[in-house]
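Here is a walk through one protein chain, for anyone who likes to read a fold piece by piece. Have the viewer open and follow along.

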Amino acid sequence: MSGIKFLRNLYDVASSPEHKAIVWNKEGNGIVIVDKVLFIEESLSKICKTDEYGTFVRQLNNYGFSKLKNRGCDEFVNEKFLKDSVDSLLTLKRKSLSEKPVDLHHLESNQKALGQSVAGIDNLTRRVYQEVCFLRDKVERQDKTIHELIKAFIKLFNQEGVKKETLRLEGASDLKNILTEITDQEETEDLTLDHFLNNEFDHV
């Protein structure tokens, strides 16, 4: 809804005797909501496309109306909103974003929530880093153990003087199908670690 239409609807409803829940104030520069419940039921939808009283109040605030308490009733005043001058509506301008008041409490709450979120992310990052370091150390220890096992196997094979055919090492950290066939052999040949780590050995 355009601003001028909202203001004109407000002006007409406040001026209409059919709407008893909203009237002009005595000074003729504002409106008084005499009965809020009745106003919401009968008049609000004639002014703006909403049934939310809070939305209506925000619209008034956007056009510079000030809220007062008048014997328990809500009164909204604007020196440019005049009872006997429809043309006065043209002088009412919607507030720009820069003119709207800053809710410092809301900003502080958002800043606090943001700080808590950042702290939570920082703690999570620390835990992830610690877990990564733990896993890295664990892998290094496993690699060292596997390395020692490989050297032990090589030493054992060299000592026993066995014949090896088709040795396969699947990955540098997994011993599988190390020896597919072992036969007695008088002549032996030393195996180095580099040879042992090859994916496949030719017949010796």
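## The β1–β2 hairpin

Strand β1 (residues 22-24) pairs with β2 in the antiparallel sense, and three bridges hold the pairing. To find the register, start from I22: its bridge partner in β2 is I33. The two strands make a hairpin with five residues between them, and G28 in that turn has a positive phi of about 75°. Keep in mind that this is a predicted model.

Now look at how β2 is packed. In a regular strand, side chains alternate between the two faces of the sheet. Strand β2 (residues 30-33) is covered on both faces: G30 and V32 are buried on one side, and I31 and I33 are buried on the other.

## β4 and its two partners

β2 has another neighbour: four bridges join it to β4, and the two run antiparallel. Here I31 stands opposite F76 of β4. Strand β3 (residues 66-70) also pairs with β4, again antiparallel, over five bridges. On that side, K67 is the residue that stands opposite F76. So F76 is a handy landmark, because I31 faces it from β2 and K67 faces it from β3.

β3 and β4 form a hairpin too, with two residues between them. The turn includes R71, which has a positive phi of about 55°.

## Helix α3 and what comes after

Helix α3 (residues 53-62) has a good number of side chains to check for burial: Y53, F56, V57, Q59, L60 and N62 are buried. Following α3 comes G64, with a positive phi near 85°.

G64 turns up again when you look at N78, a residue in the loop between β4 (73-77) and α4 (104-160). Leaving aside residues up to four places away in sequence, N78 touches N29, Y63, G64, F65 and L92. Is N78 buried or exposed? It counts as buried, because its relative accessibility is 8% and the cut-off for buried is under 20%. A polar atom of the N78 side chain lies 2.8 Å from the backbone oxygen of Y63.

## Salt bridges

How many salt bridges does a search of the whole structure find? The total is seven. One of them joins the side chains of D74 and K69, at 2.8 Å from N to O. The two ends sit in contrasting settings: D74 is buried, with a relative accessible area of 3%, whereas K69 counts as exposed at 61%. D74 and K69 also belong to a wider salt-bridge network, which links them with K36 and K67. That is the K67 which stands opposite F76 in β4.

Another pair is R136 and D137, whose side chains meet at 3.9 Å, N to O. Both partners fall in the middle category: R136 is partly exposed at 47% relative accessibility, and D137 is partly exposed at 30%.

## Along helix α4

E148 and K151 give a neat case of a salt bridge within a helix. Their closest N and O atoms are 3.5 Å apart. Both residues lie in α4, three residues apart, about one turn of the helix. An α-helix has 3.6 residues a turn, so residues three or four places apart point the same way. E148 is partly exposed at 39% relative accessibility, and K151 is partly exposed at 38%.

There is also a nonpolar patch to look for on the surface, formed by L124, V128 and V132, with about 250 Å² of accessible area together. L124 is found in helix α4 and counts as partly exposed, because its relative accessibility is 45%, between the cut-offs of 20% and 50%.

## The whole chain

Step back and the protein comes to five helices and six strands. From the N terminus on, the elements run α-β-β-α-α-β-β-α-β-β-α. Of the 204 residues, buried ones make up 29%.

Two more totals round out the picture. Take the contacts between residues at least 6 apart in sequence: 54% of them join residues at least 24 apart. As for the surface, the protein exposes about 14400 Å², and carbon and sulfur atoms supply 51% of that area.

Notes: Residues are numbered from 1 along each chain as its sequence is written. This is a predicted model: local features need pLDDT of at least 70, side-chain atom pairs count only at pLDDT 80 or more; totals for chains, interfaces and linings use all residues. Side-chain values use heavy atoms; hydrogens and water are left out. Buried means under 20% relative accessible area, exposed over 50%, partly exposed in between (1.4 Å probe, protein chains only). A polar contact is a pair of N or O atoms within 3.5 Å; within protein, one must be able to donate a hydrogen and the other to accept it, and residues adjacent in sequence count only if both atoms are side-chain atoms. Contact means heavy atoms within 4.5 Å. Patches are made of residues with over 30% relative accessible area and no salt bridge: like charges are joined within 9 Å, nonpolar side chains (Val, Leu, Ile, Met, Phe, Trp, Tyr) within 5 Å. Accessible areas come from the Shrake-Rupley method with a 1.4 Å probe; for residues, only the protein chains shown count as cover. A salt bridge is a side-chain nitrogen of Lys or Arg within 4 Å of a carboxyl oxygen of Asp or Glu. Two strands pair if DSSP finds at least two bridges between them.
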